[in-house]
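Visitor: Hi! I have a structure open on my screen and I'd like some help reading it. Could we go through it together?
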Amino acid sequence: MKSPKRICCIGAGYVGGPTMAMIAAKCPDIRVDVVDINEARVAAWNTDELPVYEPGLLEVVKEARGRNLFFSTKTDEAIVDADIIFVSVGTPTKTYGMGAGRAADLCYIESAARMIARVARGPKIIVEKSTIPVRTAVAMRAILSANSEEGKFQVLSNPEFLAEGTAVEDLENPDRILIGGERTPEGDAAVETLVSVYNRWIPRENILTTNLWSSELSKLVANAFLAQRISSINSISALCEATEADVDEVARAIGADSRIGPKFLKASVGFGGSCFQKDILNLTYLCEHFGLPEVAAYWDQVIKMNDWQKSRFSANIVQTLFNTVRDKRIAVWGFAFKKDTNDTRESAAIYVCRDLLLEGAQIALYDPRVPVQLIHQELQYAGVSQDIIDQQLTICASCEEAADGAHAVAILTEWDEFRDVDFEQMYASMFKPAFVFDGRDLVDHSQLREIGFEVYAIGKG
Ligand code: UDX
Ligand code: UDX
Ligand code: ADP
């Protein structure tokens, strides 16, 4: 087995950037080049204002940047000299043509594969890092081998399981690393080369190796199972509200069963993020493609339940505020899809804000990390007109500013700082009755009720 000297990664996004930074930090003798066509993004990776907000990431980047970690737009040069090439370009849900709204758009993957075939010299290991539908490796291998001599490329699947907000921790100490390869002597050798990289800091028994298809499918299934747990507990949250049960008590009781386990049972306003919905849509598309409509319908229900959870949260705000929110100021706390990230992809907040804006509400929004332009962009993409955004949305600099003069506060992201608000003072600054809709079970509800707030919380009967 040849030990790799140079690694290149195509795509400097939420996955590629942090993953390569960790590899570079852990393997000072390997040169790691991260390349991207987006110049602004590359420029940001070379400053202290990284394009991805992750606790602890800047320290990891700084340890290796300029030593053996380089961010640039020089894609060709990086590919020519690399022993291992990670492909970590985005795979958004298709917005056009066949499979629109469900299948993954593989145009970035294909263009990366063609670029590699065009410039690569000598044998290389190509690693799929992006989440992709099962059997993409075949397509990738076909493009590569049709454009170069046979056997030059070995394609591996190495899905990333990091979660945003805890990326550094997850990369440092993953539950497992999964590597899939072709079950041939050449494939096995390529797998072992990649194993040797991760093995610098991850025990060998935590590095699972398998065939390409199992590896690709495992990524989709892991995300589908995680999302399914959230939809399951969210469905129960509605039942708890209709009865006198408390969803957190139910989650605690069932989670104590070691066969169920306590994680990923937190009821919420709905899951978001770039992966869960996309991967389930992908899974259902694949099932239908392979003639398994019952399986597709089973997983589709996870998304339907999530959509319902988001819309019932906004409907409840409207109903509670005496069936009209027109011209009422509603403070929205949080726009990111979870705390400790500036990512807004598929965030529940987008849909709750959209519903309230279309009902005529005046939204006063505060999020500690999400830039204004991104908020505008997401709302427009969700169907809110620029006119409505201009007339009904105010971006605030703090929780208190957002709540000032509001009829209600809606908590949509679980940022820690939202707990530190002086609620007595906030109560004094709001219209009465003053409502709090806690979509994350974040604040102390009995304390708020003592102050005088009317509190609605997910899953609390
Ligand atoms: C179940 C619950 O486990 C128990 O906590 C509750 O009190 C009663 O219901 P039981 O029905 O006795 O217990 O057996 P269990 O081991 O849960 O199996 C139920 C069925 O699921 C069996 O047919 C079993 O073969 C099947 N099963 C279980 C699987 O097909 N796959 C599995 O991974 C586990
Ligand atoms: C997820 C997977 O966890 C990760 O393994 C995979 O690589 C990428 O997709 P991510 O989307 O970054 O990671 O965040 P995650 O922590 O899984 O949360 C996803 C969404 O579910 C968030 O909106 C979060 O608020 C929500 N969630 C999570 C709940 O509502 N309840 C929970 O119990 C857990
Ligand atoms: P993920 O969450 O999977 O990391 P992102 O969208 O955050 O996805 O990042 C993907 C990155 O890949 C983007 O910065 C995009 O500019 C980059 N990219 C897409 N296609 C190419 C390509 N052919 N060459 C280089 N970079 C690419």
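Guide: Sure, let's talk through some parts of this predicted model, one topic at a time.

Visitor: Great. Which residues are closest to ligand 2?

Guide: The closest are Lys-266, Ser-268, Phe-271, Gly-273 and Cys-275, and the whole shell around ligand 2 has 19 residues.

Visitor: What classes do those residues fall into?

Guide: The shell around ligand 2 has 11 nonpolar, 4 polar and 4 charged residues. Helix H9, residues 212-242, gives the largest share of that shell, with 3 residues.

Visitor: And ligand 3, which residues come nearest there?

Guide: Gly-11, Gly-13, Val-15, Val-89 and Gly-90 come nearest, out of 22 residues around ligand 3. By class, this shell has 10 nonpolar, 10 polar and 2 charged residues.

Visitor: Which element gives the most to the shell around ligand 3?

Guide: That is H5, with 4 residues. Helix H5 covers residues 107-119, and it also packs with helix H6, residues 136-146.

Visitor: Oh, how do people describe two packed helices?

Guide: They give the angle between the two axes and the distance between those axes. For H5 and H6, the angle is about 35° and the axes are 9 Å apart. H5 passes H6 in a right-handed crossing.

Visitor: Which residues meet there?

Guide: From H5 there are Ile-109, Glu-110, Ala-113, Arg-114, Ile-116 and Ala-117, and they meet Thr-136, Met-140, Ile-143 and Leu-144 in H6. The residues of this contact divide into 7 nonpolar, 1 polar and 2 charged.

Visitor: New topic! Where does Ala-267 lie?

Guide: Ala-267 is in the loop between helix H10 (247-255) and helix H11 (276-289).

Visitor: Is Ala-267 buried or exposed?

Guide: Ala-267 counts as buried, because it has 27 C-beta neighbours inside 10 Å, and 20 or more is the cut-off for buried. Leaving out residues up to four places away in sequence, Ala-267 touches Ile-233, Asn-234, Ser-237, Val-247, Ile-458 and Gly-459.

Visitor: Now the strands. Why is strand S2 described as largely enclosed by the rest of the structure?

Guide: Because 5 of the 5 residues of S2, which spans residues 31-35, are buried. Arg-31, Asp-33 and Val-35 point one way from S2, Val-32 and Val-34 point the other way, and all are buried.

Visitor: In which sense do S1 and S2 pair?

Guide: Strand S1, residues 6-10, pairs with S2 in the parallel sense over 5 bridges. Within that pairing, Ile-7 stands opposite Val-32 in S2.

Visitor: What about backbone oddities?

Guide: As background, most residues other than glycine have a negative phi, and most peptide bonds are trans. Here, Lys-432 and Pro-433 are joined by a cis peptide bond, with omega about -5°. Pro-433 sits in the loop between helix H17 (423-428) and strand S13 (435-438).

Visitor: And what is phi for Asn-323?

Guide: Phi of Asn-323 is near 65°, a positive value in a residue other than glycine. You'll find Asn-323 in the loop between helix H12 (293-320) and strand S9 (329-333). Asp-441 also isn't a glycine, and it has a positive phi of about 50°. Asp-441 is in the loop between S13 and helix H18 (445-451).

Visitor: Which of the two words, buried or exposed, fits Asn-323? And Asp-441?

Guide: Asn-323 is exposed, because it has 9 other C-beta atoms within 10 Å, and 12 or fewer counts as exposed. Asp-441 is buried, with 20 other C-beta atoms within 10 Å.

How values were computed. Residues numbered from 1 in each chain as written. Chains lettered and ligands numbered in written order. Predicted model: local features only at pLDDT ≥ 70, side-chain atom pairs only at ≥ 80, totals over all residues. Near = placed C-beta within 6 Å. Helix = DSSP H or I, 4+ residues; strand = E, 2+ residues; numbered from the N terminus. Nonpolar A, V, L, I, M, F, W, Y, C, P; charged D, E, K, R; others polar. Axes fitted to C-alpha atoms, helices over the stretch in contact; angles between N-to-C directions. Left-handed = near helix turned anticlockwise from the far one by under 90°. Contact = placed C-beta atoms within 7 Å. Pairing = 2+ DSSP bridges.
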